[in-house]
Amino acid sequence: MAEETIFSKIIRQEIPTPLLYQDELVTAFRDITPQASTHILIIPNKLIPTINDVNEADELTLGRMITVAKKLAKEEGIDENGYRLIMNCNEHGGQEVYHLHMHLVGGQPLGKMLNI
Ligand code: AMP
C-alpha cells in the first residue's frame, strides 16, 4: 500500500489550499514554490505514486489531467503564447512528491526543455 503524501490532504482539504479545479477524478492547485509566473499542479484524486504505477484503468484519469490543463491554461490566459506540461518520475526525473502530478508552467518564455 503506497504511503499518502501531503497531496492527499490537499485533495480532502484537510490542508486549506485553494483549489483551482476539482472533480471526481482530478484536483488542481497552485504550486507552493512556483518556477514560472503560472505554475499549477494537476493530480489524480487516487493515490498513484509514480508514472511507473499507472495502469490501463487510469487512462481516463490521465486524459482528464490533460483536458483540465488545457482549460486552466485558457483561464490563466497563457494558452495562445504556450506553456509546458511536465511529469517527473523517480530520482533521475527529479520527483519529490510521490503522488503523481502534472506541472502546468507558463506565463513567460520557458527556454529550452532540459537544463542538465
Ligand atoms: P516534483 O519535483 O515533480 O515531485 O514536484 C513536486 C512539487 O510539489 C514541487 O514543485 C513543490 O513545490 C510542490 N509542492 C510541495 N508541497 C506543496 C504544497 N503543500 N502545495 C503546493 N505545492 C506543493
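Which residues of β3 are buried on one side of the strand, and which on the other? In this predicted model, T38, I40, I42 and P44 are buried on one side of β3, while H39, L41 and I43 are buried on the other, so that both faces of the strand are covered. In a regular strand the side chains alternate between the two faces of the sheet. Counted along the whole strand, seven of the seven residues of β3 are buried.

The setting of β3 is an open sheet of five strands, arranged in the order β1-β2-β3-β5-β4 with antiparallel pairing. The edges of this sheet are taken by β1 (19-22) and β4 (83-86), and because each of them has a single partner strand, one side of each is left without a neighbour in the sheet. On average, and with direction ignored, neighbouring strands are turned by 15° against each other. Strands of a sheet pair through backbone hydrogen bonds, either parallel or antiparallel.

Following the sheet from the β1 edge, one meets β1 and β2, which run antiparallel and are joined by three bridges. A hairpin of three residues leads from β1 to β2, and across this pair Y21 stands opposite A28 in β2. The next pair is β2 and β3, again antiparallel, with five bridges between them; here R30 stands opposite I40 in β3. On its other side, β3 (residues 38-44) pairs with β5 (residues 102-106) in the antiparallel sense, also over five bridges. Within that pairing, H39 has V105 of β5 as its bridge partner, and I42 stands opposite M102 in β5.

M102 deserves a closer look. This residue of strand β5 counts as buried because its relative accessibility is 4%, which is under the 20% limit used for that term. Its contacts, leaving aside residues up to four places away in sequence, include I40, L41 and I42, as well as L85 and I86, and also M65, I66 and A69. The C-alpha atoms of M102 and L41 are separated by 5.6 Å, although the two residues are 61 apart along the chain.

Helix α2 (residues 59-76) lies across β1, β2 (26-30), β3, β4 and β5, and runs at about 155° to β3.

Attention can now turn to the ligand, which is surrounded by 16 residues, the closest being D31, N88, E96, H101 and H103. Several polar atoms of the protein approach oxygen atoms of the ligand: a polar side-chain atom of N88 lies 2.8 Å from one ligand oxygen atom, and a polar side-chain atom of H103 likewise lies 2.8 Å from a ligand oxygen atom. From G94 the approach is made by the backbone, with an N or O atom 2.9 Å from an oxygen atom of the ligand. Taken alone the ligand exposes 500 Å², of which the protein buries 87%.

A last stop is T5, in the segment before α1 (6-11). With a relative accessible area of 15%, T5 is buried, because buried means under 20%. A polar atom of the T5 side chain lies 3.0 Å from the backbone nitrogen of F7. When residues up to four places away in sequence are not counted, T5 touches V97, Y98 and H99.

Methods. Residues numbered from 1 in each chain as written. Predicted model: local features only at pLDDT ≥ 70, side-chain atom pairs only at ≥ 80, totals over all residues. Heavy atoms only, no water. Pairing = 2+ DSSP bridges. Helix = DSSP H or I, 4+ residues; strand = E, 2+ residues; numbered from the N terminus. Axes fitted to C-alpha atoms, helices over the stretch in contact; angles between N-to-C directions. Contact = heavy atoms within 4.5 Å. Buried < 20%, exposed > 50% of the residue type's maximum accessible area, 1.4 Å probe, protein only. Polar contact = N/O pair within 3.5 Å; in protein donor to acceptor, adjacent residues only side chain to side chain. Near = heavy atom within 4 Å. Areas by Shrake-Rupley, 256 points an atom, 1.4 Å probe, with all protein chains shown as cover.
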